[in-house]
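Let's take a walk through a protein together. Have the sequence and the 3D view ready, and follow along as we go.

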Amino acid sequence: MNAPVEFARAVCPHDCPDTCAMRVTVQGGRAIKVVGDPDHPPTQGVLCTKVSRYADRVHHPRRLTTPMRRVGPKGEGRFEPISWDEALHLAGERLSEIAARAPEAILPYSYAGTMGFVQGDSIAQRFFHKLGASQLDRTICAAAGAAGLKYTYGASLGMHTEFFAESELILIWGANPIASNLHFWTRAQEAKRNGARLIAIDPYRSLTAEKCHQHIALRPGTDGALALGMMHVLIAEEMLDRAYIADHTLGFEQLNARALAYPPSRAAQICGIEEQVIVDLARLYGRTKKAAIRLNYGMQRVRGGGNAVRAIACLPSLTGAWRERAGGMLLSSSGWAPVDSHALSRPDLMPGWPSQPARVINMNAIGDALCHPGDATFGPKIEAIVVYNSNPVAVAPDSARVASGFAREDLFTIVLEHFQTDTADYADLLLPATTQLEHLDIHKSYGHTHVMVNLPAIAPVGEARPNTEIFRGIARSMNLDEPALYDSDETVAKSALRWNDPLLEGVTWDTLKRDGWAKLKVSDAPFANGGFRTPSGKCEFFSERLAQAGLEPVPDYLPPYESADGSPDLAERYPLAMISPPARNFLNSTFVNVDSLRATEGEPHLDMHPADACERGINDGDQVRIFNDRGSMQARVRVTGKSREGLVVGLSIWWKKLAPDGRNANEVTSQALTDLGGSATFYDCLVEVERA
Ligand SMILES: Nc1nc2c(c(=O)[nH]1)N[C@H]1C(S)=C(S)[C@@H](COP(=O)(O)OP(=O)(O)OC[C@H]3O[C@@H](n4cnc5c(=O)[nH]c(N)nc54)[C@H](O)[C@@H]3O)O[C@H]1N2
Ligand SMILES: Nc1nc2c(c(=O)[nH]1)N[C@H]1C(S)=C(S)[C@@H](COP(=O)(O)OP(=O)(O)OC[C@H]3O[C@@H](n4cnc5c(=O)[nH]c(N)nc54)[C@H](O)[C@@H]3O)O[C@H]1N2
Ligand code: SF4
Ligand SMILES: [Mo]
């Protein structure tokens, strides 16, 4: 007899602005189908291809189902199963020993494998804070943009996604929504059907750029110059909303002076595009009432990423586009949610809090950090690393350095994972974690304005445990007596939001659990009457806080570290700029091991302009070696006009061990950090390419 079918409600946990609501069909304790919830307005019943296969991932034959201990050399990935008691004992024993001597020699490493507040950084951070472990600066993705927004608007705030459907002009800027923000793309197409013009600003003719009315293919890392060139035209031709500027902005005179230094001719030269393109773009933007910008993180993974976001964020305040709900800008909406991050992560548990917090390690420089012998400036050498919700050996820059750090025989490595990833291969202890269908969580979104609850749909697969439960277990084995380490998942979830915030009016934990989601009460045109969250309450063209920090207070253009302008000698040796944005069927390095999705991507490719290929005697379909001083990888070339001249594109992020040469794009990326926020500079990378 067939087991009865049940339905459960879940939230897509992935690092994606769409934060979809999912409906899970469960039969006989197994998830058999996952679909988009038709009742959730942002989801509209649609999931992307990847997550439609979520059940395959949950019940994947290679899911980790028991704790394991390393038996072979580091990195070889040979393990033997052990019991949870033994695993927790081994973890606790080693961490206790290090914590008693040098707590900062312990480092957590986590990012956004799940975006949930409970399984993300709640009990885990409380645990590391209590130990006095090093803190991790979680800056691998969005930190430059977040800093840019903070200094301009006061927080990560922007338009409602749904109102892009009413826009008359949409600049899709450093964004590839067909791959990475599907539900926004639906709105953009609605707008297109209503007559809106869509313009992609991207060095690469992405899936999205291909479908826009116009594609402006600038050099990577030059967006700040483009925005300043546009401003020059807006100012020179008086396409300004003087009243908006007077009432709701700060520092127009200084910004005016800066823009004057970027006539379109100069901006065009920097960006490698026609001057007329900038003039036309500025005129169209300045004359369209409902002009909206969908900015995304692709444009801020370069040296000047923070300043570029600031420059672009000034545009809608110059023209007064914010007055319309279909005008303005959206980079991230995550700052609307009233999250109680103090309650979640409890920094006050740190022994030195608040005057002497533990040292901070930037996650983008994990390669250098793991290889550091320790000294007075750096502090103690890292002796233990605990990885959860992340796959640094595949995703962190300067990968050879990262791998040599993880290969250290004297480094104690714990990895909490669903699968034996490239990072898991280096674990001393590999612990099986639950997926989103097996645990409780609460979410905000950075692409819409709902908060959402995920309820477990099935029991944990095998002996998998939620991250929270694993950290509670390690804490118990170390005899830590702090009660906050033992809060239940539901207690943690309830503490995630400030329920008395007016944006959550009428919403409680119980209603949220019952309904699955709630829309925050953010007004339709949030900055129509100003109300920015900066110290001045205005859109800050000039930032006093930046000036006080000794940084440039008015947005400027900074050439990429690795470019003909930024480093001419390097550009002689390595003349090609390389970017490695996400492949459509992967989510960062997640899903690379789902065979059907990997089969769709095929193998690692490198897209190259015909002129660059011809110059190197490279033909379509050739295997090539991509290299610089940091390392090399191989890929199959696609000779295509999708890449502008001088640019090569390797869609990512492959698991190294599933690539033919055991390497991926991060062999060549660098650990250098952005101007603001200490973000990674994945797309600020020069290489040379030759036939393999
Ligand atoms: N399918 C899929 N979806 C994803 C992800 C995934 O891996 N796969 N990852 C998720 C995550 S973590 C994130 S952060 C987002 C990322 O998604 P986005 O924020 O959209 O960023 P990217 O995909 O990195 O880059 C977007 C576009 O920016 C272009 N670009 C690169 N350099 C520059 C530049 O200097 N200037 C300009 N103007 N454009 C540039 C790239 O060619 C690319 O087409 O997507 C999320 N969604
Ligand atoms: N070359 C290049 N490198 C990049 C980028 C790029 O565009 N180009 N993009 C960068 C960006 S934007 C980002 S955000 C980072 C992403 O880097 P990461 O956040 O590390 O993302 P993933 O590679 O998806 O790895 C997440 C891991 O977490 C695991 N996981 C998921 N849920 C759970 C859970 O509940 N518990 C535990 N224990 N594990 C879980 C998954 O199995 C997966 O292996 O990569 C960056 N690296
Ligand atoms: S990855 Fe993004 S688009 Fe796909 S289901 Fe998750 S939230 Fe939706
Ligand atoms: Mo990201």
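Which residues of the largest nonpolar core touch the most other members? Before we get to that, keep in mind that this is a predicted model. The core in question has 179 residues, and F127, W173, Y285, L315, M329 and I442 are the ones that touch the most other members. Helix α9, which covers residues 223-236, gives this core its largest share, 9 residues. Apart from this core lies another one, with 24 residues, including C16, M22, L47 and L597. Finding cores like these fits a general habit: in soluble globular proteins, nonpolar side chains tend to be buried together.

Let's zoom in on one of those well-connected residues, W173. If you skip its neighbours within four places in sequence, W173 is in contact with I201, D223, L226, A227, M230, I293, R294, L295, N296, M299, I312 and L315. L315 is on that contact list, and L315 is also one of the core residues that touch the most other members.

F127, another name from that group, takes us to helix α4, residues 123-131. How many of the residues of α4 are buried? The count is 8 of 9, so you can call this helix mostly covered, given that buried means under 20% relative accessible area. F127 is on the buried list, together with I123, A124, Q125, R126, F128, H129 and L131. Right after α4 comes G132, with a positive phi near 80°.

Now try helix α3, residues 84-101, where you'll find L88. Is L88 buried or exposed? With a relative accessible area of 10%, L88 is buried. Not counting residues within four places in sequence, L88 is in contact with R465, I470, G473, I474 and S477. For a sense of distance, compare L88 with T508: they are 420 residues apart in sequence, and their C-alpha atoms are 36 Å apart in space.

Time to meet the ligands. Ligand 1 is surrounded by 32 residues, and D202, D223, F586, N588 and Y683 are the closest. D223 puts a polar side-chain atom 2.7 Å from a nitrogen atom of the ligand. The backbone joins in too: an N or O atom of Y297 lies 2.8 Å from an oxygen atom of ligand 1, and one of F586 lies 2.5 Å from a nitrogen atom of ligand 1. How much of ligand 1 does the protein bury? Taken alone, the ligand exposes 900 Å², and the protein buries 98% of that. The shell around ligand 1 is made up of 18 nonpolar, 8 polar and 6 charged residues.

Ligand 2 has 30 residues around it, with R57, S390, E417, S589 and T590 coming nearest. One of its oxygen atoms is 3.0 Å from a polar backbone atom of N391, while a nitrogen atom of the ligand is 2.9 Å from a polar backbone atom of V395. H418 uses its side chain instead, with a polar atom 3.5 Å from an oxygen atom of ligand 2. On its own, ligand 2 has 920 Å² of accessible area, and the protein covers 97% of it. Here the shell divides into 11 nonpolar, 15 polar and 4 charged residues.

S390, one of the residues nearest to ligand 2, sits in the loop between β15 (384-388) and α17 (392-395). S390 is buried, at 8% relative accessible area. Beyond residues up to four places away in sequence, S390 touches Y109, S110, Y111, V395 and E417.

Finally, let's look at some backbone oddities. Most residues other than glycine have a negative phi, and most peptide bonds are trans. N389, in the loop between β15 and α17, has a positive phi near 55°, and N389 counts as buried at 13% relative accessibility. N588 also isn't a glycine, yet its phi is positive, about 55°. You'll find N588 in the loop between β22 (576-579) and α24 (595-601), and at 32% relative accessibility N588 counts as partly exposed. Which residues does a cis peptide bond join, with omega about -5°? They are W353 and P354, and P354 is in the loop between α15 (341-345) and β14 (360-362). The bond from S652 to I653 is cis as well, with omega near 5°.

Conventions. Residues are numbered from 1 along each chain as its sequence is written. Chains are lettered from A and ligands numbered from 1 in the order in which they are written. This is a predicted model: local features need pLDDT of at least 70, side-chain atom pairs count only at pLDDT 80 or more; totals for chains, interfaces and linings use all residues. Side-chain values use heavy atoms; hydrogens and water are left out. A nonpolar core is a set of buried Ala, Val, Leu, Ile, Met, Phe, Trp, Tyr and Cys residues joined through side-chain atoms within 4.5 Å. Buried means under 20% relative accessible area, exposed over 50%, partly exposed in between (1.4 Å probe, protein chains only). Helices (H or I, at least four residues) and strands (E, at least two) are DSSP runs, numbered from the N terminus. Contact means heavy atoms within 4.5 Å. A residue is near a molecule or strand if one of its heavy atoms lies within 4 Å of it. A polar contact is a pair of N or O atoms within 3.5 Å; within protein, one must be able to donate a hydrogen and the other to accept it, and residues adjacent in sequence count only if both atoms are side-chain atoms. Accessible areas come from the Shrake-Rupley method with a 1.4 Å probe; for residues, only the protein chains shown count as cover. Ala, Val, Leu, Ile, Met, Phe, Trp, Tyr, Cys and Pro count as nonpolar, Asp, Glu, Lys and Arg as charged, and the others, Gly among them, as polar.
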